[in-house]
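Welcome! Below are some exercises to work through with the model open beside you, each followed by a worked solution.

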Amino acid sequence: MKGFLKKITGNHEVSLAIILIVLFIVVDILSGFTFHGINNIGEIFKNNSLTLIMSLGMLCVLLTGGIDISITGVLAFSGMSVGMLMKYNVIKNVPLLFAIAIGIGALCGLLNGFIIAKGKVSPIICTLGAMYIWRGLATVVFNGEWASGENVAAMSEFGNTAGPYIILAAAFVIYFVVMKWTPFGRKVYAIGSNREAARISGINVDRVEIAVYTLMGVLAGLAGALSVSLYGSAQPTMQDGKEMDVIAACVIGGVSMSGGRGTVVGTLLGGIFYAVVYKALPLVGLESIWQNLIKGVIILAVVIINVVSQRLSRRQALARREI
Amino acid sequence: MKKILALVLVAVMAVAIFASCTQSGTGGGVEYALVTKAAGNAYNEKEAEGFKAAMDAQGITSYVIKHPEKATVDAQIQVINSLIAQGVKSIAIAANDANALSATLKSAKAKGIKILTLDSDVAVADRLTFCNQAGVQEVGQALIDAVYDIAGGEGDYAILSATSQATNQNAWIDAMKKIAAADSKYSKLNLVEVAYGDDEPQKSTDQTQALLTKYQNLKVICAPTTVGVAAAAKVLQDKKSSVKLTGLGLPSEMAAYIGDDADHSCPYMFLWNPIDLGKLAAYASIALVKGEIDGTAGGTFKAGETTYKLTTVEGTNASEIILGPPFKFDPSNIAEWKKVY
């Protein structure tokens, strides 16, 4: 029993998975056993695919000790760009539109990475500026217009296929492999754990950092096109405030804000946890007004459990060493 | 180097912040101002378009249209303060909150600025008159009748609103409830829940799906908000749900969902013409500044060809100008209207 407990407290992913299962069962009971249906679970992934996908990029950014709060600005600009291209019949090809959104996102991310790595600007300041710039441009460039309904019909149809699920699954598999088994993944962890040591051991820190922000941009651009597909609308204000959900998902998943610690599996669990809470609150009959408050309390509670369990496991590890 | 770079970035940021607060119209001696709810809202853009058209038609160039950066009270207060500083003569505003603008509007009033509202009202003491896109009663009646008709006279229905403090939506929902309670005709209709999608597509989608899961016997969803109705329409249509939708929506956004058959989620819906509302606000502003009306009920003024009358808001001694009853969009006219707005 003691060994089992130690195993739980020693492994954040396992403890989070257990909390998640308990939460799922509680919600299922509270909602009168309507929660576990395959449709409902499909919807949970679909409605939160933007958060889940962007949390992968955020994981890498947080691992290097940085942060990117410009992601929804980038999302809005890339999403508006493809929405407008469709609305005015410039391009109707869905894969091409996705590629364009990803390209725009990559450029935005590259700019962030360059300013942060080469200009030595604090990531939060740089991306704060970028957030306003891209969100502002999404309004100004397109004259405050928006595209929805029939304007983006082809994208909307793609949103109803298995496409979003495939993109989501592919993103997680790729990130899992890259972060675990490739030199690039190791370098990201190395920089976050000890930047100086990484530099001395021959890692090109600037280049990795630029790559990390560019990849974040790629995912934000992808999320922009996906958002248009899933919700059938492109607005300059789209997904405003979502960056906090993405960061919250990472933090719940055990990613450290000071860098070096966090995994793809943890991020996935954190994202699912957040998604379940999102989906569950309206279902269990809570007044809408209470939902944000409860969400906040749950995030804090999970993070506190997380910190306490980590401290416990570290103490146990120390105690063992003394023997 | 670092300092210069940081400075440049700060400057770029500041420019971006100002740039996103867009404006049109000519500078110099600005007399008439329109403040919308937020930039990037197609419906507000149409109101602004009408305001501009009416001003241009009157040969007036001394006007300005301000779109706050966000749909918040704070953003509107900033815009109004800058208008007060510019010394405008009138401000027409679509309020983001009924009460929170009070202090700012009072200080504008103290400077002699004529305050009128359109689209969403503020507390009646803070403005001279209100350009009402459709009387609260008229909208409530149209919506409850639509629910009654689509549900076939009986059954469960739910409302998907914007935010829980949205002035308009709350007034319309209240009117629906009161009308339903007062007439035994509606006694077999059962309102199961008022859900709030916060005028955000994802949240509205989540809320719609929750309604479908929670209430197995649901027949109709009524969404009196353009963002909510579009999100709900997509959910119902994608699911090929038997639940039908009505509410208030923009024709161009809803065209794909409006139809009488099982493949479409919305048999019909309503809205008014925001371009006409913008025009009405422009003519009312001019009439107020010229002194043709003073905001008391009974006054009349001409808006282009039509003569409008200031009527009393029920239960107060304040006035409003009602644009007309809401307009019904159904399969017979949607193709034509989706090109307009």
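A residue is buried if 20 or more other C-beta atoms lie within 10 Å of its own, exposed if 12 or fewer, and partly exposed in between, with C-beta atoms placed from the backbone. This is a predicted model, where local features need pLDDT of at least 70 and side-chain atom pairs count only at pLDDT 80 or more, while totals for chains, interfaces and linings use all residues. Residues are numbered from 1 along each chain as its sequence is written, and chains are lettered from A and ligands numbered from 1 in the order in which they are written.

**Exercise 1.** Find A:I115 and decide whether A:I115 is buried or exposed.

*Solution.* Step one is to place the residue: A:I115 lies in helix α6 (residues 94-119) of chain A. Helices (H or I, at least four residues) and strands (E, at least two) are DSSP runs, numbered from the N terminus. Step two is to count: A:I115 has 23 C-beta neighbours inside 10 Å, so A:I115 counts as buried. As a last step, look along the chain to A:C126, which is eleven residues away in sequence, with 7.2 Å between the two C-alpha atoms.

**Exercise 2.** Compare A:K120 and B:D199: where does each sit, and what is its phi?

*Solution.* Start with the background: most residues other than glycine have a negative phi. A:K120 is not a glycine, yet its phi is positive, about 55°. A:K120 belongs to the loop between α6 and α7 (123-140) of chain A, and because it has 13 C-beta neighbours inside 10 Å, A:K120 counts as partly exposed. Now turn to B:D199, also not a glycine, with a positive phi of about 50°. B:D199 is found in the loop between β8 and α7 of chain B. Here there are 22 C-beta neighbours inside 10 Å, so B:D199 counts as buried.

**Exercise 3.** How many residues of helix α13 of chain A are buried, and what follows the helix?

*Solution.* Helix α13 (residues 242-252) of chain A is mostly covered, with ten of its eleven residues buried. Among them are the charged-looking names to check by eye, A:K242, A:E243 and A:D245, as well as A:V246 and A:I247. Just past the end of α13(A), A:G254 has a positive phi of about 90°.

**Exercise 4.** Trace strand β2 of chain B: which way do its residues point, and which strands pair with β2(B)?

*Solution.* First, the faces. In a regular strand the side chains alternate between the two faces of the sheet. In strand β2 (residues 32-35) of chain B, B:Y32 and B:L34 point one way, B:A33 and B:V35 point the other way, and all are buried.

Second, the partners. Two strands pair if DSSP finds at least two bridges between them. β2(B) pairs in the parallel sense with strand β3 (residues 63-66) of chain B over four bridges, and B:L34 stands opposite B:I65 there. The path from β2(B) through α2(B) to β3(B) is a right-handed β-α-β crossover; right-handed means that, with the strands pointing away from the viewer, the path from the first strand over the helix to the second runs clockwise. β2(B) also pairs in the parallel sense with strand β4 (residues 90-93) of chain B over four bridges, where B:V35 has B:I93 as its bridge partner.

**Exercise 5.** How many bridges join β7 and β8 of chain B?

*Solution.* Strand β7 (residues 155-161) of chain B runs parallel to β8(B), and seven bridges join them. Within this pairing, B:A158 is opposite B:E193. With helix α6 (residues 167-182) of chain B, the two strands form a right-handed β-α-β unit.

**Exercise 6.** Describe how the two domains of chain B meet.

*Solution.* Chain B is divided into domain 1 (19-133 + 274-325) and domain 2 (136-269), with bounds from an automatic or database domain assignment. Their centres, taken over C-alpha atoms, are 29 Å apart. Eight residues of domain 1 of chain B are in contact with six residues of domain 2 of chain B, where contact means C-beta atoms, placed from the backbone, within 7 Å.
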